[in-house]
Amino acid sequence: MQIDLRTVSIKPLRNTFDHLVRRFGDKPASRYQEGSYDIQADTNLQYRPSWDPEHELHDAGRTAIVMSDWYALKDPRQFYYGAYTLARARQQEAAEASFTFVESRALLDQMDAATRSRALAVLMPLRHAAWGANMNNTSMCADGYGTLITQPCMYHAMDNLGVAQYLTRLGLLLGDAATLEAGREAWLNDAAWQPLRRLVEKTLVTRDWFELFVAQNFVLDGLLYPLIYGQFVDKHLNAHGGAGVSMLTAFMSEWHDETRRWIDAVLKTAAAESAANQALLSDWTRQWRGRAAEALSPIAQQALGASAAEVLATVEQSFNDRAAKLGLTL
Amino acid sequence: MDMSVKKKLGLKEKYALMTRNLGWEPSYEKREDVYPLLDYEGIKIHDWDTWEDPFRLTMDSYWKYQAEKERKLYAIIDAFNQNNGHLNVTDARYINAMKVFLSAVPALEYNAHRGFARLGRHMGGVGPQVACQMQAIDEMRHCQTQIHSISNYNRFYNGIHDWKHMNDRLWYLSVPKSFFEDACTCGPFEFIIAIGFSFEYVLTNLVFVPFVSGAAYNGDMGTMTFGFSAQSDEARHMTLGLEVIKFMLEQDPANLPIVQKWIDKWTWRGVRLLTIVAMMMDYMLPKRVMSWKEAWEIYFEENGMSLFKDLARYGIKVPDCVEQIKKEKDHLSHQAWTTFYAAAPMTNFHTWIPSDDELDWLSAKYPDTFDKYYRPRFEFFREQAEKGERFVNPNLPQLCQVCQIPMLFTEPDDPTQIAYRQSEHDGEKYHFCSDHCQHIFDNEPEKYVEAWLPVHQILQGNCFAEGDDPSAPDFDPIASVMKYWHLENGRDNGDFAGSEDEKNFAAWRGMTTSNT
Amino acid sequence: MSNVFIALQTNEESRYIVEALLEDNPTAVVDEQPAMVKINVPGTLVLRRETVEEKMGRPFDLQEMQVNLITLSGHVDEDENEFRLSWND
């Protein structure tokens with residue numbers, strides 16, 4: 001909200017910067033526009049990167065996706081740093097209140113021992129999956145092209161770290177450092193977790209940053225979050241005295257819904273750009289969906305037992321519907 | 001169920017569980033494929049786990065404190081803009097410092113954002129990765145808060161209407177641009193010495209502390225707030241830079257010569273870059289807090305030297321260039337301002353001859369050099385201007401191949417002699433402003449021959465406006481280059497005296513203080 | 001011995017932090033600049049949570065200092081009770 005406190009009214013010479021006038025016409029620009037459009041250098045770049053001499057420092061050629069204007073990939077949330085941190089600080093305050101509430105009311109004690117250990121068995125190894133997501137989004141920020149995509153990728157990476165840290169706090173509240181260690185051990189050695197770890201490690205060596213975006217943000221997290229936080233925590237655990245856990249992972253569900261709007265907008269715009277993009281994105285989605293569904297199956301098993309296959313199928317179905325809405329053909 | 005009382009974890013233990021405990025050694029993929037950038041610079045790291053985290057911010061605290069900073073900052077920017085705060089600055093010449101700032105700095109911050117993202121992904125341990133990631137997101141903050149704070153000046157004053165376009169093209173802006181592109185194209189370890197250590201630790205204090213304090217002194221609350229607010233993040237960044245240096249030096253004695261070489265190179269690169277800040281402090285702040293030389297003595301000689309003394313136990317030596325730097329502090333700002341004054345038609349900010357009391361201030365602050373070498377020059381400029389023959393350098397200056405600054409620096413021991421150095425590579429001659437820039441070139445000629453030097457590019461015909469035909473009989477090369485830069489001749493450039501900025505500011509300020 | 005320093009924005013909160021710093025670091029020297037206050041201490045500077053809390057009359061998390069911090073110099077060592085800056089020379 002702007003309150004007019006001006007003592008004198010003087011007419012400005014111009015509304016905003018020329019590069020924004022060229023894009024949006026001669027009118028005042030938003031802070032998102034000022035802080036995001038055309039900021040990355042794209043002209044007269046000097047020196048070849050020693051870490052990638054095939055490309056320029058900022059180079060659209062680090063992905064097979066082709067865009068005539070990389071600044072078409074608008075973030076519908078219009079997050080610039082200030083808007084982003086304010087949004088997260090509000091969520092953090094709510095999360096803090098939930099942690100206090102759950103702890104002070106001993107809400108986690110409402111779970112029986114079996115439910116409790118199942119919750120930990122499923123959630124603790126996911127700290128590491130979230131760290132993998134963090135590394136991948138950081139990588140997309142480093143390799144991406146144009147501020148409009150590098151900036152939200154960095155926010156997303158920090159969110160991934162936040163998720164890993166919320167899970168850590170949850171583990172410490174439900175157990176102690178040994179609880180985290182058990183989750184780590186499962187991530188490293190339990191048969192049920194190896195397909196997922198193998199998949200995450202495969203993303204860590206995937207070099208096309210847009211493919212990585214599809215693999216990590218769209219496919220893997222697009223299946224994992226609804227499965228784990230939607231189905232397992234909010235439905236299954238909730239029904240078994242685990243409302244406390246559900247409160248402590250509210251950030252994850254909310255965050256998934258919010259960030260999904262951004263991910264969808266990026267994919268929809270890129271797919272609509274050309275038939276080649278559409279084919280490539282569809283192809284990547286198909287390949288990674290197959291791998292991700294396979295990797296999540298033993299975890300769904302552990303989380304949901306007999307109903308796992310059915311729930312996973314539902315999750316996959318709604319993922320497929322989502323992909324179709326974005327213009328992908330699977 | 002387990003009802004035993006839990007041991008309360010300390011900050012350090014808790015932070016370790018929140019960060020480094022998240023990582024793992026890959027086994028399905030090879031470590032060198034997951035972290036492919038760690039070996040090629042020759043730095044040997046044996047145990048990433050011995051990394052010590054300096055600041056231990058988890059994301060929840062990060063969001064909380066950063067949001068608080070942002071709330072304060074934007075409240076001040078909004079109030080400043082809504083009250084026409086730009087009319088409360090000491091005088092409109094000050095705004096030219098902000099033009100230089102916007103033209104040069106946010107683009108650097110953006111490159112730092114990308115560079116630290118690369119390290120955030122590619123460092124070999126979670127501790128340094130997370131610290132680099134926080135810096136990557138902070139740098140986006142700095143880029144944006146700078147644009148947002150200065151944006152209102154663009155609505156009322158000339159010169160920065162197309163700052164991003166100019167940043168990639170205008171001659172003097174290739175100095176900061178090439179500095180960061182140089183750093184970002186280095187390997188990860190050199191990058192962090194360049195930016196995290198030399199730039200952040202040794203040098204940013206000079207930009208963000210005395211200069212920003214000067215902005216406050218000149219009534220610019222918006223700039224003061226973004227400057228100080230940014231520097232509070234820098235405190236984390238500087239600490240990261242220092243931590244990485246110690247870490248490299250502790251890991252393997254073979255790292256020492258490599259690190260020393262980088263420190264030498266980047267201290268010099270950074271000092272050259274700060275030439276423009278020297279000029280901003282001594283000439284562009286109508287009210288002065290301290291001279292460049294004084295700031296330099298506090299933040300470089302005292303503070304920077306404490307740092308080098310501290311690192312001596314690892315075998316790090318004070319860079320050789322420091323000898324020359326000491327000699328230059330009495331000259332730098334004057335040489336830069338006279339160069340820009342003489343190049344006034346080609347810059348996107350206004351220049352002026354200091355007033356008498358400003359000349360006296362400069363004499364007092366630089367007793368050994370100002371009256372002897374520089375005051376006569378300004379008096380000459382003034383005489384010329386009064387005769388209607390405003391002094392302008394008619395030639396395009398030769399640029400240093402490394403720092404890209406015009407040849408304006410004098411020999412360290414003879415302030416009357418411009419320094420020139422020259423090297424040959426592959427049968428071509430290259431020119432430098434100093435021994436140290438020459439030395440940097442000689443160590444990596446393949447890199448520095450790729451420099452995009454604006455003057456060379458102009459002479460080669462690569463900087464004419466699209467559609468202009470250099471073979472046409474009425475072709476005006478200077479006008480065409482200005483068009484290529486998007487520089488509005490007669491509005492953006494030239495003298496402050498008589499400029500549209502000067503007239504508008506006087507008229508608007510009149511409106512705030514009278515009823516007509 | 002080299003100086004370490006910390007600089008804070010001049011405002012109501014830093015006032016108490018500065019008071020605490022002066023109490024805990026008898027050799028501290030205050031340097032007031034426009035909109036900022038810089039505290040120089042030879043060798044080592046310590047900020048104690050308890051001292052700040054006494055001055056402020058409320059609980060204080062040392063990381064809150066981030067909000068008013070401008071810059072610092074020296075090696076940082078921080079835990080929940082103390083924030084310490086030092087040079088090893």
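How many residues do chain A and chain B each bring to the contact? Select both chains and look at where they meet: 72 residues come from chain A and 70 residues from chain B. Keep in mind on this tour that you're looking at a predicted model.

**Stop 1: the A side of the A–B contact**

Stay with chain A and colour by element. Helix H1 (18-24), helix H2 (31-36), H3, helix H5 (126-143), helix H6 (147-174), helix H7 (177-189) and helix H8 (194-204) of chain A each give two or more residues to the side that touches chain B. Pick out H6(A), since this is the helix that gives the most there, with 12 residues. Now recolour by residue type: this side of chain A divides into 35 nonpolar, 22 polar and 15 charged residues.

**Stop 2: the other pairs of chains**

Bring in chain C. Two pairs of chains are in contact, and chains A and B share the most contacts. Chain A and chain C do not touch; their nearest C-alpha atoms are 14 Å apart. Chain C does meet chain B, where 24 residues of chain C are in contact with 31 residues of chain B. To see what chain B puts there, select helix H1 (11-18), helix H3 (59-82), helix H8 (188-217), helix H9 (221-251) and helix H12 (292-311) of chain B, each of which supplies at least two residues. H9(B) gives the most to this side, with eight residues. By type, the side of chain B that touches chain C splits into 13 nonpolar, nine polar and nine charged residues.

**Stop 3: the core**

Next, go inside. The largest nonpolar core has 280 residues, and A:Met154, A:Leu296 and B:Ile193 are those with the most contacts inside it. H8(B) gives the most to this core, with 19 residues. Zoom in on A:Leu296 and show what surrounds it: leaving out residues up to four places away in sequence, A:Leu296 touches A:Leu196, A:Leu223, A:Leu224, A:Leu227 and A:Leu312.

**Stop 4: two helices of chain B**

Select residues 94-122 of chain B, which make up helix H4. From first C-alpha to last, its 29 residues reach 42 Å, close to the 42 Å expected at 1.5 Å a residue. Where does H4(B) kink? Look at B:Leu102, shortly before the proline B:Pro106, for a kink of about 35 degrees. H4(B) is largely enclosed by the rest of the structure, because 28 of its 29 residues are buried.

Then jump to helix H10 of chain B, residues 255-273. Its 19 residues reach 27 Å from the first C-alpha to the last, close to the 27 Å expected at 1.5 Å a residue. H10(B) is mostly covered, with 14 of its 19 residues buried.

**Stop 5: A:Gln91**

Back to chain A, and to helix H3 (residues 81-104), where you'll find A:Gln91. Why does A:Gln91 count as partly exposed? A:Gln91 has 19 C-beta neighbours inside 10 Å, and being buried takes 20 or more. Beyond four places in sequence, A:Gln91 touches A:Phe251 and A:Glu254. Try a distance from here to A:Thr63: the two are 28 residues apart in sequence and 34 Å apart in space, C-alpha to C-alpha.

**Last stop: confidence**

Colour chain A by pLDDT. The chain averages 96, and 98% of the residues score at least 70. Now select residues 1-6 of chain A, where pLDDT stays under 50. The model has eight contacts beyond four places in sequence for this stretch. Where pLDDT is low, the predicted coordinates shouldn't be read in detail.

How values were computed: Residues numbered from 1 in each chain as written. Chains lettered and ligands numbered in written order. Predicted model: local features only at pLDDT ≥ 70, side-chain atom pairs only at ≥ 80, totals over all residues. Contact = placed C-beta atoms within 7 Å. Helix = DSSP H or I, 4+ residues; strand = E, 2+ residues; numbered from the N terminus. Nonpolar A, V, L, I, M, F, W, Y, C, P; charged D, E, K, R; others polar. Buried ≥ 20, exposed ≤ 12 C-beta atoms within 10 Å, placed from the backbone. pLDDT = per-residue confidence, 0-100. Expected span 1.5 Å × (residues − 1). Bend = angle between axes of the 7 residues up to and from the residue. Core = buried A, V, L, I, M, F, W, Y, C linked by C-beta atoms within 7 Å.
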